[in-house]
Amino acid sequence: MLGFQYMGDGKSAETGVLQRALALYAAHSIDLSVCFRGISHYIKEEIPVMSEQREKRDGMTGADGKRELFWLPGMTSVTFRGKRPEEIIALAKKARLLGIEWGGDVHVPPKDLKAARRIGRITREEGLLVLSYGSYYHLGRGEEADPVLEAAKELGAPNIRIWAGDFAPDRADGAYWEKAVAELQEVCRKAKNVGMTVSTEYHRGTLTQTEEGALRLMKEAGCENLFTYWQPNPDISHQENLKELRGVHPHLSSIHVFRWKGKDVRYPLADGAEEWKEYLRKGPEVPWGACILEFVKDDSPEQFLEDARCLHSMLRELGLHISAGEWPAEGGK
């Protein structure tokens, strides 16, 4: 997969942005007219921000000092399961997001390849990326992975998200771990054959509930196209969450972004902005790393737009932002 690679050889910031935009859009096989429509946003809106914030990126480049890191702001469609795909696309565009992770439960069911093909097409036609296929395939159940992989392929997803079983790591015995690892290796093998990566959901009640469980699964599977998502666990403290994130960071692809507290009570993202800036500060490990907005307070589209605005603001402050344009003066409502 192509990525954001700017060689730092004296080229202008404008050229670097063009290279990143071209690489990003080419990686998703997007129509050329859509590609240049997307690039126009970067030229118009992102160059000044990049220049002003270059000093803030200290420590955020690769070892060779050449790679600039960005989080791609996006959303997952399961945030609004009751909305039609067209409504979700319109909301993502209003929120100035770059792409959508399409869920496999409602919007893109595994066996509905026609829907997968159509939703992938209309997403790209509107200048958005398909960030991932958010499947509900669970390791350890003996489920057939082929329908999920076919749906992801028809959708045009570069990554497929799967669930790491149904038990916390300390509740799974050796036989369960062995079965889950074998299934994961098979999914990764098949995904690699069609040019996709695989990312495990980082979730309570699964083998990737903890840093230790996630790292064990990555190590035992040993697949080069295997990554993990991450999201904060509302049952533990901010410092504990931060430790977990730092532990899995070498294997990190994308982050689900939300603000929950104990007993899964939802709050505006701005309520946890300082904590989230600590989570996001290091930047992604992969060029296509995404910050994917998930469930919002009261399932409110208005709150979603405010959360998106907060996410854009945090990423700009950290110098890790690349978007589909400036937020409008009226706050995007």
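Here are some short exercises with worked solutions on a predicted model.

**Exercise 1.** Work out how helix α6 and helix α7 pack: at what angle, and how far apart are their axes?

*Solution.* Start with what we need: two packed helices are described by the angle between their axes and the distance between the axes. Take α6 as residues 174-193 and α7 as residues 211-221. Their angle comes out at about 60°, and the axes lie 9 Å apart. That makes α6 oblique to α7, because angles from 65 to 115 degrees would be needed for roughly perpendicular. As for handedness, the α6/α7 crossing is right-handed.

**Exercise 2.** Find which residues make the contact between α6 and α7, then sort them into nonpolar, polar and charged.

*Solution.* From α6, pick out Trp177, Val181, Leu184 and Gln185. From α7, add Gly213, Arg216, Leu217, Glu220 and Ala221. Now sort them: 5 are nonpolar, 2 polar and 2 charged. Gly213 goes in the polar pile, because Gly counts as polar here.

**Exercise 3.** Trace the barrel: how many strands close it, and in what order?

*Solution.* Go round strand by strand and you get β1-β2-β3-β4-β5-β6-β7-β10, so 8 strands with parallel pairing close the barrel. From one strand to the next, the twist averages 30°. Zoom in on one pair: β1 (residues 72-76) and β2 (residues 99-103) run parallel over 3 bridges. In that pairing, Met75 sits opposite Ile100 of β2.

**Exercise 4.** Which strands do helices α5 and α10 touch?

*Solution.* First, α5 (residues 146-155) packs on the sheet against β2, β3 and β4, and its direction makes about 170° with that of β3. Next, α10 (residues 301-318) touches β1 and β10, with about 160° between the directions of α10 and β10.

Notes. Residues numbered from 1 in each chain as written. Predicted model: local features only at pLDDT ≥ 70, side-chain atom pairs only at ≥ 80, totals over all residues. Heavy atoms only, no water. Axes fitted to C-alpha atoms, helices over the stretch in contact; angles between N-to-C directions. Helix = DSSP H or I, 4+ residues; strand = E, 2+ residues; numbered from the N terminus. Parallel < 35°, antiparallel > 145°, perpendicular 65-115°, else oblique. Left-handed = near helix turned anticlockwise from the far one by under 90°. Contact = heavy atoms within 4.5 Å. Pairing = 2+ DSSP bridges.
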